[in-house]
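Visitor: I have just started learning to read protein models, and I would like to be led through one slowly, feature by feature.

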Amino acid sequence: MSNGIQRGLAGKVAIVTGGAGGLGSATARRLSAEGCRVVVVDIDGEGARKVAESLPAESAWVAADVSTEEGVAGYLREATGSFGQIDFHHLNAGIPGTTGAFPDLSAEEFDRVLAVNVRGIFLGLRGAFRAYRDQGSTGSVVLTASIASLRGSADLIAYQTSKHAVLGLLHGGAMYGGPLGIRVNAVAPGIVPTDLFSAAGRDDMVRRASTAPLRRAGTPDEIASVVAFLLSDDAAYMTGEVVSVDGGSAIVSTVRSSGGAGAWDFGALDERTYRRTQS
């Protein structure tokens, strides 16, 4: 729609996990601004409370560990108790894990990342299906995947593995939910610096993002706008899709010089490619 408002969001109830973080809080704000009643879920209860209390529409908050059955049951109970039913689920909670070398990655660290990023999504998606069944309703779910769901690197092994697994849950969930009128899609952010990372880490992310076709990092609000679209009636014929929101990073050929192979000075590359002249 011309004013950017998505159809079918006003008056609905949405759960956002990882809602105290950069991406989750941006989605909570966007959905609330469009008239959703939002339940903000995070293991950081104080952070969830602050986000919920800042929202323009009616809201609630829950401190919950999404990697546990008790945590998921708790936030579903709170949402239903507060607002009667649940229409949307944005299963966004995740952790990055360490960037250590593959041989140095401990099994404990691997399990820790997969517990939140995979088990948490599984439990949340299963909980969504159970809630829709109990309500006798349809609904929409968006998972947070990643550019790491689609590509490989030699670090962040546990995170990369977990985000590949999210796509397996996406496809299985979409196949199960489709005949029931329940849509399941995913958003795959590229480089989006948030407070989850240190100042040095955010600076490095901005530098690396300069190699994307759009030559910049993304913002949480830009991810949130796509989540809102996927949840809304404007995406009514979409399910099982993973939508990259990455400034074009996923399309880059790293073995062609025009794709940026080995290049950090993209000003020189762009000058040569487009033959810009000063007026």
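Visitor: Let us start with a single residue: is Gly260 buried or exposed?

Guide: The general idea is to ask what share of a residue's area remains accessible, where buried means under 20% relative accessible area, exposed means over 50%, and partly exposed is in between (with a 1.4 Å probe and protein chains only). In this structure Gly260 has a relative accessible area of 12%, so Gly260 is buried. This is a predicted model, in which local features need pLDDT of at least 70 and side-chain atom pairs count only at pLDDT 80 or more, while totals for chains, interfaces and linings use all residues. Residues are numbered from 1 along each chain as its sequence is written, and side-chain values use heavy atoms, with hydrogens and water left out.

Visitor: Where along the chain does Gly260 lie?

Guide: For that we name the elements: helices (H or I, at least four residues) and strands (E, at least two) are DSSP runs, numbered from the N terminus. Gly260 belongs to the loop that runs between strand E7 (242-245) and helix H8 (266-274). Its C-alpha atom is separated by 9.9 Å from that of Asp270, which is 10 residues apart from Gly260 along the chain.

Visitor: Which residues does Gly45 contact, leaving aside its neighbours within four places in sequence?

Guide: Contact means heavy atoms within 4.5 Å, and on that basis Gly45 is in contact with Trp61 and Ala63, once those neighbours are set aside. Gly45 is found in helix H2 (residues 45-54) and, with a relative accessible area of 13%, is buried. From C-alpha to C-alpha, Gly45 and Val62 are 6.4 Å apart in space, although 17 residues apart in sequence.

Visitor: What can be said in the same way about Ser149, which is found in the loop between E5 and H5?

Guide: Ser149 counts as buried, at 5% relative accessibility, and, when residues up to four places away in sequence are not counted, Ser149 touches Lys163, His164 and Leu167. The loop between strand E5 (139-144) and H5 also holds Leu156, a residue with a positive phi of about 50° although it is not a glycine. Leu156 counts as partly exposed, at 24% relative accessibility.

Visitor: What is the phi of Arg215?

Guide: Phi of Arg215 is near 60°, again a positive value in a residue other than glycine. Arg215 is part of the loop between helix H6 (199-209) and helix H7 (220-231), and its relative accessible area of 30% makes it partly exposed.

Visitor: At what angle do the axes of H4 and H5 cross?

Guide: Two packed helices are described by the angle between their axes and by the distance between the axes. Axes are lines fitted to C-alpha atoms, for helices over the stretch in contact, and angles run from 0 to 180 degrees between N-to-C directions; those under 35 degrees count as roughly parallel, over 145 as roughly antiparallel, 65 to 115 as roughly perpendicular, and the rest as oblique. Here the axes of H4 and H5 cross at roughly 15° and come within 9 Å, which makes H4 roughly parallel to H5. The contact of H4 with H5 has 14 nonpolar, five polar and one charged residues, where Ala, Val, Leu, Ile, Met, Phe, Trp, Tyr, Cys and Pro count as nonpolar, Asp, Glu, Lys and Arg as charged, and the others, Gly among them, as polar.

Visitor: How are H1 and H7 packed?

Guide: Helix H1 (residues 22-33) packs against H7 at an angle of about 55°, with the two axes 8 Å apart, and H1 and H7 are therefore oblique to each other. The residues that meet include Leu23, Ala26 and Arg30 in H1, and Ile223, Ala224 and Val227 in H7. By class, this contact of H1 with H7 has nine nonpolar, three polar and three charged residues.

Visitor: How many aromatic pairs does the structure hold?

Guide: Rings of Phe, Tyr and Trp (its six-membered ring) pair if their centres lie within 6.5 Å, and planes under 30 degrees apart count as stacked, over 60 as edge-to-face and the rest as tilted. The structure holds one such aromatic pair: the rings of Phe129 and Tyr176 have their centres 4.9 Å apart and their planes at 70°, so the pair is edge-to-face. The pair links distant parts of the chain, since Phe129 is in helix H4 (residues 107-135) and Tyr176 in helix H5 (residues 157-177), 47 residues apart. Phe129 counts as buried, at 15% relative accessibility.
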